[in-house]
Amino acid sequence: MSGTAEATAEAVARRSYGKLVAFVAARTSDVAGAEDALSDAFAAALTDWPRSGVPERPEAWLVAVARRKLIDQARKRRTRNEAAGAVGLISEELQAAAAEESAIPDERLRLMFACAHPAIDPAIRAPLILQTVLGFDAATIASAFLVAPPTMGQRLVRAKARIKEAGVPFRVPEPPDLGERLDAVLDAIYAVFAEGWLDPAGTDTRLRDLAGEAIWLGRLVASLLPDEPEALGLLALMLHAEARRAARRSAPGDYVPLAEQDTALWDDGLMRQAEALLRQASSLGAIGRYQLEAAVQSAHAIRRKTGGSDWPAIKRLYDLLFALTESPVVAINRAIAIGETRGAAAGLAVLDHLSDDARLAEYQPYWAARAGLLAETGAIGEARKAYERAIGLESDPAVRRFLQDRQAGLAIG
């Protein structure tokens with residue numbers, strides 16, 4: 001029974017963490033308190049469920065325990081605001097018990113917009129959404145945003161305190177206030193998708209279904225905001241990428257780069273959805289980052305019909321993206337596109353201009369791109385060293401083997 005209880009608790013945490021946090025925190029605006037209460041509830045479950053059995057509705061059981069924890073905490077502190085919140089929680093508990101109510105509404109979108117409130121530092125909004133909605137730990141978020149884990153942890157703690165202090169409401173804002181928060185929400189959804197994208201085979205339990213979760217959230221936002229072109233652009237971008245999931249690994253599990261993927265394995269239905277979203281977005285008269293990135297994927301997808309990516313279009317799109325974002329990651333991809341259209345030496349020259357950016361010293365794609373372009377120019381010794389750096393920075397065994405094979409091929413060429 002113990003194994004069943006632990007497995008159920010793990011499955012609920014993976015499936016419903018953000019939903020439970022949002023629901024418990026909605027009454028008090030205390031995200032940190034809701035997380036602590038749920039942590040206590042999960043601990044109680046691991047003690048209680050092996051003895052008494054897993055409840056029929058484990059999420060409802062956890063919410064009830066978490067609410068009681070919050071009520072107890074509020075009673076002990078006896079502050080006016082917390083007392084009011086406790087009264088509300090008690091009332092909800094009594095109503096739920098009387099009605100035997102177990103359904104838990106999905107408040108994640110409301111939580112996402114609360115985390116994107118103007119009272120929250122813009123730089124921490126997307127990381128905060130990642131932690132509260134999907135339970136990412138501070139170290140994982142710090143890695144994604146190139147920040148030291150202790151620093152990220154402190155920022156997240158301060159942001160949650162700010163939500164409570166400011167009494168930030170858990171609601172989807174009215175149209176006049178929507179735009180300023182939308183960017184943070186979209187950035188967070190894309191960061192979730194990117195994390196799930198790192199595990200194409202779905203073997204990492206921590207990352208399993210994250211891409212699907214991000215697409216679900218993207219569809220939710222797009223349906224809520226059908227006239228927001230960037231919401232449509234983000235969903236198009238994710239669908240284009242997800243359409244190629246089956247082609248990213250060979251049958252034995254080897255990494256297959258985009259240029260070598262079997263287009264017959266691409267999901268035509270998802271790509272058609274992505275193209276329709278891009279057309280809808282383009283009709284709204286405002287161009288943004290996600291639309292441009294989705295258009296890049298569309299220019300790669302044309303290979304299904306023509307046999308090759310539209311590199312001149314890709315280069316133009318990356319020109320626009322770089323002018324819009326000045327992102328070093330975009331600059332790397334732009335250099336690759338320039339290498340495809342104007343030759344490897346031209347692409348390498350662009351990368352040379354990025355060499356002083358300290359953020360790229362430990363960024364694998366920079367070194368992999370540099371190695372490939374150096375090899376094309378005939379600088380085999382330098383290419384070998386760049387591959388060595390890329391291999392050392394790569395954590396995915398399949399990608400590491402791919403880079404090692406490319407490096408080994410230099411000795412033959």
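Where in the chain is the place of A361? Keep that in mind, because we'll select A361 right away; just remember that what you have open is a predicted model.

**Stop 1: A361**

Select A361 and you'll land in the loop between helix 17 (344-352) and helix 18 (364-377). Is A361 buried or exposed? Neither label fits: A361 is partly exposed, with a relative accessible area of 28%, since that value falls between the 20% and 50% cut-offs. Now add W367, R389 and L393 to your selection, since A361 touches these residues, leaving out anything up to four places away in sequence. Of these, R389 sits 28 residues away from A361 along the chain, yet their C-alpha atoms are separated by 9.4 Å.

**Stop 2: the whole chain**

Zoom out and switch to a cartoon view. You should find 20 helices and zero strands in the protein chain. The chain has 413 residues, and 47% of them count as buried. Look at contacts between residues with a separation of 6 or more: 63% of those in the protein chain come from residues 24 or more positions apart. If you turn on a surface, you're looking at about 19,900 Å² of accessible area, with 52% of it belonging to carbon and sulfur atoms.

**Stop 3: helix 5**

Next, select residues 108-115, which form helix 5. How many of the eight residues in helix 5 are buried? Seven of them are, so this helix is mostly covered. The buried ones are R108, L109, L111, M112, F113, A114 and C115.

**Stop 4: helix 5 meets helix 10**

Keep helix 5 on screen and add helix 10, residues 210-224. Two packed helices are described by the angle between their axes and the distance between the axes. Here the angle is about 80 degrees and the axes are 11 Å apart. That makes helix 5 roughly perpendicular to helix 10. To see the contact itself, show the side chains of R108, L109, M112 and F113 on helix 5, then E213, W216, L217, L220, V221 and L224 on helix 10. Sort these residues by class and you get eight nonpolar, no polar and two charged.

Before leaving helix 10, click on A222, which lies in this helix. A222 counts as buried, at 7% relative accessibility. Setting aside neighbours within four places in sequence, its contacts are A231, L232 and L235. Try the distance tool on A222 and L235: they are 13 residues apart along the chain, and their C-alpha atoms are separated by 7.4 Å.

**Stop 5: helix 6 meets helix 9**

Now select helix 6 (residues 122-134) together with helix 9 (residues 175-197). This pair packs at an angle of about 55 degrees, with the axes 8 Å apart. How are the two helices set to each other? They are oblique, and helix 6 passes helix 9 in a right-handed crossing. On the helix 6 side, show R125, A126, I129, L130 and L134; facing them in helix 9 are E180, A184, V185, D187, A188, A191 and V192. This contact has nine nonpolar, no polar and three charged residues.

**Stop 6: E326**

Finally, go to E326, in the loop between helix 15 (311-325) and helix 16 (328-342). E326 is exposed, with a relative accessible area of 61%. Most residues other than glycine have a negative phi. What is phi of E326 near? It is near 50 degrees, a positive value in a residue other than glycine.

How values were computed. Residues numbered from 1 in each chain as written. Predicted model: local features only at pLDDT ≥ 70, side-chain atom pairs only at ≥ 80, totals over all residues. Heavy atoms only, no water. Helix = DSSP H or I, 4+ residues; strand = E, 2+ residues; numbered from the N terminus. Buried < 20%, exposed > 50% of the residue type's maximum accessible area, 1.4 Å probe, protein only. Contact = heavy atoms within 4.5 Å. Areas by Shrake-Rupley, 256 points an atom, 1.4 Å probe, with all protein chains shown as cover. Axes fitted to C-alpha atoms, helices over the stretch in contact; angles between N-to-C directions. Parallel < 35°, antiparallel > 145°, perpendicular 65-115°, else oblique. Left-handed = near helix turned anticlockwise from the far one by under 90°. Nonpolar A, V, L, I, M, F, W, Y, C, P; charged D, E, K, R; others polar.
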